[in-house]
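Look at the sequence and the 3D structure shown here. The paragraphs after them go through charged pairs and then nonpolar cores.

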Amino acid sequence: MSLLLPSTPRADGFHMPAEWSPQSQVWMLWPERPDNWRYGAKPAQAAFAEVAAAIARFTPVTVGVSAGQFENACARLDPAVRVLELSANDAWARDVGPSFVINRDGEVRGVDWQFNAWGGLHGGLYQPWNRDDQVAEKICRIEGLDRYRSDGFVLEGGAIHVDGEGTVLTTEECLLNRNRNPELQRGQIEQHLRDYLNVEKVLWLPQGIVDDETNGHIDNMACFVAPGVIALAWTEDRNDPQHAICQRAWDYLRSQRDAKGRALQVHRIVLPQPLSHSEEEARGIDVARSAWPRRAGARMAASYVNFLISNGAVILPSFDDPTDQVAANQLADLMPGFQIVCIPCREILLGGGNIHCITQQQPTAVKEGTIDGTLD
Ligand code: KQY
C-alpha cells in the first residue's frame with residue numbers, strides 16, 4: 001500500500017539522507033524520445049546501459065521503460081538490472097523520481113515534487129510532461145512507500161543536494177527563476193525546503209553551469225562529498241564566463257557555515273574544456289516543436305560534478321577530454337575509500353544532463369541503534 005500523506009516530512013520526523021548513506025537501489029528511466037536523443041536514442045541507450053551496469057556492481061538498479069521499449073531494454077541492459085514497465089516523457093529519474101526520506105525507525109517515504117519540465121510554458125524543455133509528473137507516485141506505489149506531494153511547489157531533484165545533517169545546497173538561478181514558483185518569495189521557498197527535506201540551513205549559490213538548460217541545477221555545479229565538505233566545479237580560464245560564476249560560488253561558500261555550525265571545506269573539481277554539439281550530432285535529433293531545439297555549436301553544460309555516489313562508489317562521467325583523469329584523481333583524493341568508476345557520457349550530455357540527472361538513489365531503511373536494520 002502507498003498512502004498520500006497530508007503532512008510534511010519535517011512534521012513527521014523524516015529527512016533526506018546524504019547520498020553517501022547506504023542505498024537499497026538506484027532508479028533509472030530508459031531514453032527513447034528521438035527529439036532529444038540522436039538516432040532514435042540508440043547511442044544514448046548504450047550509454048545508459050553502461051551506467052546501469054556500473055552502478056549494479058555496488059547497488060541493485062531498477063530501470064523504468066515504456067511498453068514499446070520493454071523488450072529492447074531487457075535485451076540491452078545487464079541481466080542484473082531489474083526492468084519494469086513505467087512510462088515517462090523522458091529519462092531524468094533525478095528530477096521526476098521521488099526524493100526519498102527516512103526516519104529513526106527505519107522507515108522510508110517518498111517526496112513527490114510537482115514537476116513542470118524545467119520551466120513549464122516559460123522556457124520548459126518539452127510538453128506535455130504529465131507522465132513525468134506521475135513517475136514519483138508510480139515508484140512509491142511499486143515500492144509500497146507512503147508519499148508526500150508538494151502541490152503548489154515546483155522542484156526537481158537535481159536542483160538540491162543535502163548533507164543529511166540539516167543543510168541543503170541549491171542555486172538562485174534555478175529556485176528563484178520565475179518559471180518555477182513565480183508566486184513564492186525566497187523565504188517561502190526556503191520554508192518548503194525545510195518542510196520537505198527537514199533541513200535547517202539553505203546554502204544559495206548564485207548560478208550553475210553556463211548554458212545549463214535546467215536553469216543552473218546544483219547537481220552540475222557543486223555537491224557535498226562528506227559533512228561540511230563540498231566539491232565545486234571550477235575553471236581557471238578567465239576568458240570563460242564560467243570563471244566568474246565559479247569564483248562567486250567559491251567566495252560565497254567560503255563565507256558560510258553549515259547547519260551544524262561548521263565552516264565549509266570547498267574543493268575545486270576541474271571542468272572539461274567547453275564542449276558543444278557537433279553538426280553530425282545535431283543532425284541526428286528529430287526536429288519537433290514540442291521539444292527544445294538542439295543546434296550545432298550550442299555549448300553543453302558538461303561537468304564532472306554530475307556524478308552519483310552509491311554504496312562506496314563514485315560513478316563519474318568522462319568526456320574523452322584530457323581533464324577526465326585530472327577530475328578522477330581529484331575525486332579519488334577527496335573521497336578516499338570510494339571506488340571511482342569512469343563512464344564515457346558524451347551521449348548523455350547531448351541530452352542535457354549527466355549521470356546524477358539520470359539516477360535516483362533509494363536509501364536503505366536502518367533503525368537507529370541497529371546495524372544495517374537488524375537488532376544487535
Ligand atoms: O540536471 C538534471 N538533473 C537533469 C537535466 C535534464 C535535462 C533535460 N533535457
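Glu368 and Arg104 are both exposed. The model is a predicted one, and in it the side chains of these two residues form a salt bridge, with 3.5 Å from N to O. Glu368 lies in the segment after β19 (360-363) and Arg104 in the loop between β5 (99-102) and β6 (108-114), so this salt bridge ties together parts that are 264 residues apart in sequence.

A second pair can be set beside it. The side chains of Glu347 and Arg38 also meet in a salt bridge, at 2.4 Å from N to O. Glu347 belongs to helix α11 (residues 346-350), while Arg38 sits in the loop between β2 (23-29) and α2 (42-56); the two are 309 residues apart, and the pair links distant parts of the chain. Is this pair buried or exposed? Glu347 is buried, and Arg38 is buried as well.

A third pair is Asp151 and Arg149, whose closest N and O atoms are 2.9 Å apart in a salt bridge. Asp151 has a relative accessibility of 54% and therefore counts as exposed, since the cut-off is over 50%. Arg149 has 17%, and because buried means under 20%, Arg149 counts as buried. Both residues belong to a network, in which salt bridges with shared partners join Asp112, Asp133, Glu137, Arg141, Arg147, Arg149 and Asp151. In the whole model the count of salt bridges is 21.

Now turn to the nonpolar residues. In soluble globular proteins, nonpolar side chains tend to be buried together. How many residues are in the largest nonpolar core? This core has 50 residues, and those touching the most other members are Met28, Val51, Ile55, Val63, Leu77, Ile315 and Ile343. Two or more residues each come from β2, α2, β3 (61-65), α4 (93-96), β5, α5 (132-143), β17 (313-318) and β18 (339-344). Helix α2 gives the largest share, eight residues.

Met28 can serve as an example from this core. Setting aside neighbours within four places in sequence, Met28 is in contact with Phe48, Val51, Ala52, Ile55, Val61, Thr62, Val63, Gly64, Ala93, Ile358 and Thr359. Val51, Ile55 and Val63, which are in this list of contacts, are also among the residues named above for touching the most other members of the core.

Apart from the largest core lies another one, made up of 45 residues, including Val225, Ala249, Leu275 and Tyr304.

Methods. Residues are numbered from 1 along each chain as its sequence is written. This is a predicted model: local features need pLDDT of at least 70, side-chain atom pairs count only at pLDDT 80 or more; totals for chains, interfaces and linings use all residues. Side-chain values use heavy atoms; hydrogens and water are left out. A salt bridge is a side-chain nitrogen of Lys or Arg within 4 Å of a carboxyl oxygen of Asp or Glu. Helices (H or I, at least four residues) and strands (E, at least two) are DSSP runs, numbered from the N terminus. Buried means under 20% relative accessible area, exposed over 50%, partly exposed in between (1.4 Å probe, protein chains only). A nonpolar core is a set of buried Ala, Val, Leu, Ile, Met, Phe, Trp, Tyr and Cys residues joined through side-chain atoms within 4.5 Å. Contact means heavy atoms within 4.5 Å.
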